[in-house]
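Please open the structure in your viewer and keep the selection panel to hand. The tour below moves from one selection to the next.

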Amino acid sequence: MDYHELINKAEQTHKLAGSEIVALLKNEEYQEELAQAADRVRHVFVGDEVHLRGLIEFSNICKQNCLYCGLRRDNKKVERYRLSEAEILDFAAKAKSYGYKTVVMQSGEDMHFSVDILSRVLRKIKKMDLAITLSIGEKTYEEYKAYKEAGADRYLIRIETTDRELYEALNPGMSFENRLRCLSDLKRLGYEVGTGSLVGLPNQPIESLARDLLFFQEIDADMVGIGPFIPNGDTPLHNAKGGSFLLARSFVALLRLLLPEANIPATTAMETLDRNARIIALQSGANVVMPNVTEGDYRRKYALYPGKICISDTPAHCRGCISGKIMAIGRKISEHKGFRCHANSNKV
Ligand code: 5AD
Ligand code: SF4
Ligand code: FES
């Protein structure tokens with residue numbers, strides 16, 4: 001196989017066959033070249049601006065029991081918390097004061113937050129002139145509709161893996177079909193939709209990751225966030241091997257090549273495995289970072305996986321830290337809300 005030709009084809013046409021994706025994911029020798037091609041495509045399609053999204057982890061209570069996740073309901077070791085409405089609004093106002101244009105409101109599937117409660121919070125945040133991304137799991141069409149009407153602009157819900165059997169083995173009581181239904185309802189309601197997968201799950205061959213990439217392309221995802229699976233000692237997968245930073249990085253590069261207009265974050269899980277990972281990801285196709293704006297001990301308690309970065313840092317410190325790193329590689333901090341761009345479709 002001529003890898004150079006393959007990367008060239010991906011850069012020019014943004015199309016690859018599954019077997020070609022597999023070949024590129026497996027090849028370490030051409031990883032640099034792959035990342036450089038993705039970096040060029042990123043520059044052409046979404047430019048040099050990096051969008052910062054302020055992340056509010058507002059509840060770590062979850063009714064689901066995903067085998068890989070520290071917030072699963074059977075994990076008795078995690079100290080549960082739920083922010084009050086006033087705390088959420090305070091963190092959103094602070095996010096605004098740090099210059100963030102978007103807040104990402106993330107939680108476990110916490111049934112306390114009814115449509116009424118959350119819609120009221122969303123309406124108040126909307127008045128601060130912030131874009132709002134929700135990341136609160138599987139809901140009904142009517143619930144998604146109510147949140148959209150209350151001001152939510154975007155929604156993140158990872159497919160986690162497109163392997164139906166693996167999905168249902170790892171997410172007991174959840175159905176792959178319903179996950180797909182969520183994604184299609186969200187699209188239909190006019191949200192910008194973000195999805196993504198875990199890289200390096202047990203029984204997830206490279207072929208399966210290639211199918212994930214083709215799936216993101218097929219549904220024309222507006223945002224795709226991926227990260228390595230990091231085994232959590234307090235979950236049933238404590239002895240699993242986990243994903244590698246290098247594979248996650250190649251995955252990010254291929255995402256950019258195949259979905260040139262998408263917003264792609266450099267994720268915290270990647271940085272857990274390599275202390276410079278977010279910057280490397282930003283130079284391999286990514287264009288978004290999601291600094292945490294949750295304060296105090298909540299950061300540590302929102303423990304999806306061990307080794308989470310920034311758990312002892314303040315939001316203000318993270319703001320300065322990440323901005324400095326971004327500027328040091330010659331990129332700019334965006335001053336816009338950073339919606340998915342469509343203007344460059346003619347470049348495909
Ligand atoms: N390692 C890495 N990412 C994880 N997530 C949950 N558990 C882990 C883990 N052990 C991710 C899931 C979920 C997101 C909020 O966090 O992909 O969608
Ligand atoms: Fe809950 Fe999400 Fe963790 Fe699953 S991955 S246990 S739904 S917080
Ligand atoms: Fe939190 Fe660097 S982004 S310390």
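What follows is a walk through a predicted model, with stops at a pocket, a ligand shell, an annotated residue and a cavity.

Begin with the largest pocket, which has a volume of about 220 Å³. Its lining is made up of 15 residues, and if you select Val78, Asp234, Arg300, Lys301 and Ala303 you will have those that lie nearest its centre. Colouring the lining of this pocket by residue class should give five nonpolar, four polar and six charged residues.

Next, centre the view on ligand 2, and display Cys62, Gln64, Cys66, Tyr68, Cys69, Leu71, Arg72 and Gly108, which are the residues around it. This shell around ligand 2 divides into five nonpolar residues, two polar ones and one charged.

Now select Ser135, which an unreviewed UniProt entry lists under "binding site". You will find Ser135 in strand E3, which covers residues 131-135. Is Ser135 buried or exposed? Ser135 counts as buried because its relative accessible area is 11%, and the cut-off for that term is under 20%. Leaving aside neighbours within four places in sequence, the contacts of Ser135 to display are Val104, Met105, Gln106, Ser107 and Leu156.

Finally, turn to the enclosed space, where a search of the whole structure finds two cavities of 30 Å³ or more. The second largest cavity holds about 50 Å³ of space, and to outline it you can select Phe58, Ser107, Gly108, Asp110, Phe113, Leu118, Ile136, Lys139 and Tyr147. Of the residues lining this second largest cavity, five are nonpolar, two polar and two charged. Keep Ser107 highlighted as you finish, since Ser107 appears both among the contacts of Ser135 and in the lining of this cavity.

Notes: Residues numbered from 1 in each chain as written. Chains lettered and ligands numbered in written order. Predicted model: local features only at pLDDT ≥ 70, side-chain atom pairs only at ≥ 80, totals over all residues. Heavy atoms only, no water. 1 Å grid on protein atoms, 1.4 Å probe; cavity = no way out; pocket = protein on both sides within 12 Å on 5 of 7 lines; lining within 4 Å. Points joined across faces, edges and corners; volume = space filled by probe spheres on them. Nonpolar A, V, L, I, M, F, W, Y, C, P; charged D, E, K, R; others polar. Near = heavy atom within 4 Å. UniProt positions renumbered as here; feature names shortened; annotations may be inferred. Helix = DSSP H or I, 4+ residues; strand = E, 2+ residues; numbered from the N terminus. Buried < 20%, exposed > 50% of the residue type's maximum accessible area, 1.4 Å probe, protein only. Contact = heavy atoms within 4.5 Å.
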